[in-house]
Amino acid sequence: MAFDGIVIASLVHELNETVLNTKISKIAQPENDELLLTCKGKSTQYRVAISASASLPFLYLTDENKTSPLQAPTFCMLLRKHIANGRIIRIYQPHMERIINFEIEHLNEMGDLCHKTLIVELMGKHSNIIFCDEDGTIIDSIKHVSSAISSLREVLPGKTYFIPSTQEDKFDPLAIDSDQIYEIIHGKPMTVTKAIYTSFTGISPLIASEIAFRSGLDGDQPIASYSDDSIRHLVNHIAWFFDEIRQNDYHPVIVRKGQKPLEFSAVILTMYQDCDTEEFDSISRVLEVFYSERNIYSRIHQKSADLRRIVSTALERSQKKYQLQQKQMKDSQKREKYKLYGELLNVYGYNLEDGAKELVCENFYDNNKEIHIPLDPTLSARENSQKYFDRYGKLKRTAEALETLLAETKGQIEHLESIQNSLDIALSADDLVQIKEEMMEYGFIKKHRGGKKVKIKSKPFHYLSSDGYDMYVGKNNYQNDELTFKFATGNDWWFHAKGMPGSHVIVRNNKDGQMPDRVFEEAGKLAGYYSKGRESDKIEIDYLQKKNVKKPAGSAPGFVVYYTNYSLTIHPDISNLTLVE
């Protein structure tokens, strides 16, 4: 995710084609570090959302209107006083910096024409919105920065505005040619990617990696490892990329891994070949969609953090217990040796001398091969034999107990992994409710006495196949049981990723005749995507009619058995499937 100079340049181009020469009709400050400007043109109205949030700075055009506080903040009142009904006469980006300047023309109290500049700095934790007079004097800012906070620059009323010179050694990519690019990067003692993004203003590591990929070079290899011809080839690709920016040749995209947004950019990201790329006509729309979708995932991840920690701790404990039990089971396999020693002592021990430390005899179970049996010299042959039989009996009882314990521990590990998978696919707080209920029922979380039963609002995912068949995906173990054993009919088809935690997928077979092969493939993709193996390139999927799926008595939710099934191998890509709201 890179809100870099390229994205800013694309935004400035879009703003110049939309809000330039419009009047600022409304100014709102919905959050402490956000502004919402409503701009009216001759026939169209635009809203510009601006945020100087340290964690999520942004600027984009939006149709969404946010509720403002009843009492407008001081900064908002100041802007209303100066530039309400002002006209935006210029929008520009200085030297490919992550800065957008809005030059605004307005009338003061005396009716004189004045100019002010609203400067939006989108620089991560240093983001700010600064309001300046026409001579560059700061009138006010949404965040005040004193010398105690920053030694580089104070942002306070009365101070002169300037861009902090933190990038003196970087060059403006739009003001240089191929020969200059070559001189800048060819001798740098660093990797290809780093040489690009540390040399030019506004170029992020993401864009540097993309340029390296387009040139066919490994961005992680040092510049010095390549020949002069290879470096000049790289330089050509850098120059071509900068030409695209000069010509405003933008192609805004969002790259997704499955349904999760991974990256956005103002240019096509060809290096993400295994991911899905969605193109947009507007960089503002890209930013609005990306931040909205990203917020969903980050918010639910925060809300589920406690549950994840509990599951992770319990899973780690169970896995250690399972390893210890396996070691004990391996040790118990020595019991057959002790049984053999006991039997051979009973056969050959009659002529054993008192105080003997071992018995050497023939093993009639193994082609009469010679065998050495250690003895306790203080015991008789019969007593030594009984001692070995006692060891055998103890290890036999241990093995029988361990078989049950191993099955229980393995079942608990599988149960915890299935809960972990449910947490991974949860998209809302409602999806977490049933998961928490399940964890309380099985003792992973302590139950609260007298607690009210929470209303369950979460429902399974509902997809529609390309051929119009309804496909349902359980979000958690309770929903898996509900779908398979209460919702599905006997002739419906059931899908599940083979040998790993995952959702049950049900395809309603409510049409005459056989289902098309494409339906089976699409349902298999759903089963693969909503499983632990969603990041894999290929996953094996088991599928069969629901009437052949059984649930053992007393088993954990989501656990089923089946003895005859079909299999298919798929790539878990569900980008072309339709999710029914």
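This is a short talk on how a few helices pack in this structure, followed by some single residues in its loops and in one helix.

Okay, so before anything else: what you have on screen is a predicted model. Keep that in mind as we go.

Let's start with H10, which covers residues 381–425. Two other helices pack on H10, so I'll take them in turn. H8 is residues 305–332, and its axis sits 9 Å from that of H10, at an angle of about 155°. An angle over 145 degrees counts as roughly antiparallel, so that's what we call H8 relative to H10. As for handedness, the crossing of H8 over H10 is left-handed. And what sort of residues make up that contact? There are 15 nonpolar ones, 10 polar and seven charged.

Now the other partner, H9, residues 335–348. Here the axes of H9 and H10 are 8 Å apart, and the angle is again about 155°. By that cut-off of 145 degrees, H9 also comes out roughly antiparallel to H10. This crossing is left-handed too, with H9 passing H10.

If you want to click through the H9 and H10 contact, here's who takes part. On the H9 side you'll find Arg335, Glu336, Tyr338, Lys339, Tyr341, Gly342, Glu343, Leu345 and Asn346. Facing them from H10 are Ala381, Asn384, Ser385, Tyr388, Phe389, Arg391, Tyr392, Leu395, Lys396 and Ala399. Sorted by type, that contact gives nine nonpolar residues, four polar and six charged.

Let's stay with H9 for a moment. Which of its residues are buried? Those are Tyr338, Leu340, Tyr341, Gly342, Leu344 and Leu345. The buried set packs against H10, and also against two strands, E13 at 358–363 and E14 at 369–374. A quick thought on spacing: an α-helix has 3.6 residues a turn, so residues three or four places apart point the same way. You can also check the length of H9 yourself. It has 14 residues, and at 1.5 Å a residue they should span 20 Å; the C-alpha atoms at its ends are 20 Å apart, so the two agree.

Next, the backbone. Moving on to the strands that H9 packs against, the loop between E13 and E14 holds Asn368. Asn368 isn't a glycine, yet its phi is positive, at about 55°. Is Asn368 exposed, partly exposed or buried? Its relative accessibility is 43%, so Asn368 counts as partly exposed.

Met96 has a positive phi as well, near 60°, and again this is a residue other than glycine. You'll find Met96 in the loop between E5, residues 87–92, and E6, residues 99–107. Met96 has a relative accessible area of just 3%, so it is buried.

Two more stops. Gly468 is in the loop that joins E15 (461–464) and E16 (470–473). With a relative accessible area of 30%, Gly468 is partly exposed. Have a look at Val519 while you're there: Val519 is 51 residues away from Gly468 in sequence, but their C-alpha atoms are 8.9 Å apart in space.

Last one, His82, which belongs to H2, residues 74–83. Its relative accessibility is 18%, and the cut-off for buried is under 20%, so His82 counts as buried. And what does His82 touch, leaving out residues up to four places away in sequence? The contacts are His106, Lys116, Phe131 and Ile139.

That's my tour, thanks.

Terms used. Residues are numbered from 1 along each chain as its sequence is written. This is a predicted model: local features need pLDDT of at least 70, side-chain atom pairs count only at pLDDT 80 or more; totals for chains, interfaces and linings use all residues. Side-chain values use heavy atoms; hydrogens and water are left out. Axes are lines fitted to C-alpha atoms, for helices over the stretch in contact, and angles run from 0 to 180 degrees between N-to-C directions. Helices (H or I, at least four residues) and strands (E, at least two) are DSSP runs, numbered from the N terminus. Angles under 35 degrees count as roughly parallel, over 145 as roughly antiparallel, 65 to 115 as roughly perpendicular and the rest as oblique. A crossing is left-handed if the near helix is turned anticlockwise from the far one by less than a right angle, and right-handed if clockwise. Ala, Val, Leu, Ile, Met, Phe, Trp, Tyr, Cys and Pro count as nonpolar, Asp, Glu, Lys and Arg as charged, and the others, Gly among them, as polar. Contact means heavy atoms within 4.5 Å. The expected span of a helix is 1.5 Å times one less than its number of residues. Buried means under 20% relative accessible area, exposed over 50%, partly exposed in between (1.4 Å probe, protein chains only).
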